[in-house]
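Let's take a friendly walk through a protein chain together. Have a look at the sequence and the fold, then read on.

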Amino acid sequence: NAGGGGGGAGVGHESPGSPNIPISPSSSGSPNHTPYSSSSCSGGFGKLLGPSRGNVRNSLSTAAASTAPIPKTLAWWPAEGAEPLMNVSAKLIKRFIPTSVGICLASAVDMNSVDYPEEMRRVSVVFLSIRGLDPADEGQEESGPGAGDARVSGGMMSQLLMRLFQRSVYALEGSVNKFLVDDKGVLLLIVFGLPPLIHLSDDPIRATLCAMRLTDTLADEQLEGRVGVATGMCWCGVVGNKSRREYTVLGDVVNLSARLMGKAPVNGVLVDAPTRDAARRVLAFEDGGDLTLKGKAAPVHAFKFVGMRRGIHTNFWEAKTSLLASWKEWPARPGLASALECLRGRSGVMVITGPGGSGKTELAAQAKAWAKGQNYQLLRGQNMDPTSIFSVPRLPLQEAFSDLVRLAGRDPYWRSVAQELLRVSVGQTGPTDPAASEGAGGSEAGCDAEEIRGSAGAKALIRDLPRHAELYWMLIAMLQRAVGERASPKIQTWAPLLAMVVTDLAFSQGLVAAMEERDEQHIKHSRFAEACTAVIDGYTRCLPPGVGCMILLHIRRSSAFFQSRDEQESAAIRQIAELCMERRRAGNERNPLVLCVVARKSVLKDGKVLMYSEECQTKVETEDLSLEDTEAFMRHLLLPSPSEPELFDEHRVDLSRYAFDVAGGNPKGVLTVLQDLDERGVVTRTPTGFEVSNFYLGYEGLRATVPLPASLVGMAFSTFEMLPPEDQRLLKMASTLNNETFGVRDLMAMLPKASKDDVTKLCERLADPSARTFRKVSLTDDGGSNTRGYMFYSMVLRHVASTLVLETQRTEIRRMTAMGVNLNAGDMARLERIAGAAANMDEDEESESGSDMSDSEQSEGEEEEEEDDKGGEQGSDSKGGSSGMAGGPGSNPKDCVPAITLPVVVQAPTENER
């Protein structure tokens, strides 16, 4: 990445998952290395590499003997106006451009309209120092048994470490910003939280885990490293001139992480207090004491990272007793009750969907309680790891099958048939189970199961049988009892694939991986999905009469930016849904089977599952609350204060409005706001709700003094980063407006190159309820007519967009808006009337006042331009206001300087501007 017209920082900025290009020893600049030449390369790639050294030398000697111009050695990039390099792969260039800059370049209309990112962001910075590694060293002896006299150059070791570090950083969605070598050794600068890879609440955890992985890598290579981690606000943007630019981070938090790195123990990690406070729920730290650091006036308290916190467990299901679930007037309750009634005694598919924080977990807990009340067996699973940060592929199925295996292990029927099949496999006896001998299952399998459960033969079990052996034959027995095509013996040959969801099965990883790879080659059929569905079919058909089964899968969205559903998991859920619908359509169900999927619409992308839920009339959608619903929810949450019961209604209205404005009506957000106010002493938490304390501030006081909850800010950051660049730019500009409501005219003043139709379409798209970005409001102009206006969906979203705008940018945007205000029809009519009166004034008065007002047919744009040019002269007029408007023949002084009322104004125009 050295030289030439780059765009990346000191290292190649690959996106997570992109392949690396290894640096071979022959291309490290050694004397024996022969560079590529344009004659030996095809097409545009030769232009990209430029001429070889020999060609350059020949060209120079030729030029010395003639008047021909000397060719430019590095003139490989097309000149302005020339055709681009059509044969150069975009993926190749992408490796050298940071994602933050690449998004801006890709979304720019032309080279003059690139909006380079310049923002203040809260990031977590990791500084790593490596001792004992010299990239310029020709060779280092390999250590360890069998190493012999083999030597590894410092350059090759640096490349090896860089690739290992990149793998660790990109796995946690961080950014490698710099890879430097100086007198302190090899330094690596890593940043978590750069756009678009934002995980505001998780970035400190990710940074600390990454630091641990880096030190482990260095220890494996017998090198010494020290790591410092700091979290805080810093400037993120592009520096440099037109020939070379770099995306970097600047600020005190970067310096602090470097100072902590210098004080860290060998292969240890030191973090600052903000990092420790954000990560202490998941990670364990030891007190590192107060440190005296260079450039710091006061000592800095540091903490030493010691490992993962033990005993982490998050119960995602016990939410039925929450304050939201106990709210009888919750608008989502009737929809859930209707869906569950449609599933009473019948198989089917139910989907609970909605935006994040809208109460899907509470509805899932109520569905679980309903299933227990119906005497259904429950197989449940979710996809988040115990830290609630990372989603794990196929984990929902693994947890569901874990419940299935646990329930089957307690049933004497399944243990008996499994051991019987085991005896048959070793030739001890013949099959005695009718269903097992048929090998094809059937609707009568349940009768056979009841006979075995009630017989004494079930007691003759092998006590010391290995668990994995009994488990395998138990699953084979379930496969045999499936109905139809699912009972095919061919599916039983794919039984090792069940080790992907039943982890106790004793199959070698090589065998399972080979079968998984072979299964992925099947386009129409997924053998893994068929095997999972057949096991569930056989198991549920052998349940006692009238006993159903609910499979409850909660698929959450993690904080990761790059998320993709596992195709095998999706195929298995889809086939389980088809099994449920087959039973529902067949009728006369002995053992109902219900699949309940809980997920956001953006996560649940399988159209068939949604279609099945609509066919069963069991699709339950949750939404954010309106202001009226928020007030009703607050009546449920708030308790009258013993000291001031007469002010209860006033406090409830204020808190309802404040919580609605902050969280946008999100139910979980409203509860988060109250919990944050409880920590600040504004309200007091009780077992049944919240009480307003004596330290109540009122609506305006809450908005002015109480910081926004950090968890809601993190969610808003994630929402913001998912938007396209043009949407982010519009939100940033709208956040600089002083008024909460604004119209298209106000946004057009900040976007002079955009047309009214373009801005209107953009605002309408952002105002869609599913976008959760803008809300539609009605604005009233001075003439009394109503116009369409907008406001931010929540205060946290506006806060996020505003914090990303630098103060210099904010001042420029406000200046543009003040100079480009679009007036309404009534304002324009009055200005035209005044302009006509001013045109009749004699030339002497116009020259004395410095006014240069044209006739009434002058365009609005020309008026604004001339007002800008003469603003200094008009501002010095002692009479106040524009002298050209100061009084014409027969004019009323009150009409000469009208009090123009603008629907939305960034800064109120002065009398001179009017």
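This report starts with the whole chain and then turns to a helix pair and two sheets.

## The whole chain

Please keep in mind that this is a predicted model. The chain has 914 residues, and 48% of them are buried. Its secondary structure amounts to 35 helices and 21 strands.

How do contacts link up the sequence? If we take contacts between residues at least 6 apart in sequence, 72% of them join residues at least 24 apart. As for the outside, the chain exposes about 44,300 Å², and carbon and sulfur atoms supply 51% of that area.

## Two helices that cross

To describe two packed helices, we use the angle between their axes and the distance between the axes. Take helix 11 (residues 395–409) and helix 19 (residues 567–586): their axes come within 9 Å and cross at roughly 50°. Helix 11 is therefore oblique to helix 19.

Which residues meet here? Helix 11 brings Leu 395, Pro 396 and Leu 397, while helix 19 brings Glu 569, Ala 572 and Ile 573. Sorted by type, the residues of this contact are five nonpolar, one charged and no polar.

## A parallel sheet of five strands

Strands of a sheet pair through backbone hydrogen bonds, in either a parallel or an antiparallel way. One open sheet here has five strands in the order 12-13-14-11-15, with parallel pairing. Strand 12 (377–382) and strand 15 (619–621) stand at the edges with a single partner strand each, so one side of each has no neighbour in the sheet. On average, neighbouring strands of this sheet are turned by 10° against each other, direction ignored.

Within this sheet, strand 13 (residues 549–554) runs parallel to strand 14 (residues 593–598), and six bridges join them. For example, His 554 has Val 598 in strand 14 as its bridge partner. Helix 9 (residues 333–342) packs on the sheet, touching strand 11 (348–353) and strand 15, and its direction makes about 170° with that of strand 11. Helix 20 (residues 607–615) also packs on the sheet, where it touches strand 11, strand 14 and strand 15; its direction makes about 110° with that of strand 11.

## A mixed sheet of three strands

Another open sheet has three strands in the order 16-18-17, and its pairing is mixed. Strand 16 (638–639) and strand 17 (683–686) are the edge strands, each pairing on one side only.

Strand 16 pairs with strand 18 (residues 689–692) in the parallel sense over two bridges. Here Leu 638 has Phe 690 in strand 18 as its bridge partner. Helix 23 (residues 667–679) lies across strand 17 and strand 18, and runs at about 110° to strand 17.

How values were computed: Residues numbered from 1 in each chain as written. Predicted model: local features only at pLDDT ≥ 70, side-chain atom pairs only at ≥ 80, totals over all residues. Heavy atoms only, no water. Helix = DSSP H or I, 4+ residues; strand = E, 2+ residues; numbered from the N terminus. Buried < 20%, exposed > 50% of the residue type's maximum accessible area, 1.4 Å probe, protein only. Contact = heavy atoms within 4.5 Å. Areas by Shrake-Rupley, 256 points an atom, 1.4 Å probe, with all protein chains shown as cover. Axes fitted to C-alpha atoms, helices over the stretch in contact; angles between N-to-C directions. Parallel < 35°, antiparallel > 145°, perpendicular 65-115°, else oblique. Nonpolar A, V, L, I, M, F, W, Y, C, P; charged D, E, K, R; others polar. Pairing = 2+ DSSP bridges.
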